[in-house]
Amino acid sequence: MKTNRHASAPHLLLCFLFFLCAFPLLAQTDTLRGHWICREQGLHLYLDLGEESLLVPRYEFFGPVNGYMNGKVSDTWFLTTFKPLQHGVWTMRFSNDSGADTQEARLTINADGALAYKCVGTNYLRRSVRRKWEYLPTEMLFERVK
């Protein structure tokens, strides 16, 4: 029986094209794994967009998550959804520990590995200062912790 060796060529081409399209997304995910700090505001940002591997202190019962933010802020904020917009730019939605507030933000990876955080829509990140709510800035810079 005669076989056609070229019959699988379209399949190989499709696999190769899929790999080329998926590779930048995989590389971009790897760049957002680690710990960042906004020294000016005293905030810590922990991310692992490759897999749910982070346990949030005092909230271990939730199980592993892709990311969270804590520090000098009223609540711990959990990363609930994220998606890449373009190379090095992500849209992320955070929810506070009670689930009452959500915050959408755009994170951009700078050339030095820092993350530029920009609030999208209403800013809900706040902290208590002398028994009054003080909202955090809508734009912050998070430096990578080594």
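**Inside the fold: questions and answers**

Reader: Which word fits tryptophan 90, buried or exposed?
Author: Tryptophan 90 has a relative accessible area of 3%. Keep in mind that this is a predicted model, where local features need pLDDT of at least 70 and side-chain atom pairs count only at pLDDT 80 or more, while totals for chains, interfaces and linings use all residues. Residues are numbered from 1 along each chain as its sequence is written, and side-chain values use heavy atoms, leaving out hydrogens and water. Buried means under 20% relative accessible area, exposed over 50% and partly exposed in between (1.4 Å probe, protein chains only), so the word for tryptophan 90 is buried.

Reader: How are the rings of phenylalanine 82 and tryptophan 90 paired?
Author: Rings of Phe, Tyr and Trp (its six-membered ring) pair if their centres lie within 6.5 Å; planes under 30 degrees apart are stacked, over 60 edge-to-face, and the rest tilted. Phenylalanine 82 itself is partly exposed, at 29% relative accessibility. Its ring centre lies 6.0 Å from that of tryptophan 90 and the planes meet at 55 degrees, so the pair is tilted.

Reader: How many residues does the largest nonpolar core have?
Author: Good one! A nonpolar core is a set of buried Ala, Val, Leu, Ile, Met, Phe, Trp, Tyr and Cys residues joined through side-chain atoms within 4.5 Å. Leu45, Met92 and Phe142 are among those with the most contacts inside the largest core, and strands E1 (33-38) and E10 (139-144) are among the elements giving it two or more residues (strands are DSSP E runs of at least two residues, numbered from the N terminus). Its residue count is 23.

Reader: How much of strand E3 is buried?
Author: Strand E3 covers residues 67-71. The strand is largely enclosed by the rest of the structure, because its buried share is 4 of the 5 residues.

Reader: Which residue in E4 stands opposite tyrosine 68?
Author: Two strands pair if DSSP finds at least two bridges between them. E3 runs antiparallel to E2, with 5 bridges, and tyrosine 68 in E3 is the bridge partner of tyrosine 46. E3 is also joined to E4 by 2 bridges, again antiparallel, and these two form a hairpin with 5 residues between them. In E4, tyrosine 68 faces phenylalanine 78.

Reader: How many disulfides does the structure hold?
Author: A disulfide is a pair of cysteine sulfur atoms within 2.5 Å. Cysteine 38 is buried, at 3% relative accessibility, and cysteine 119 is buried too, at 9%. The number of disulfides is 0.
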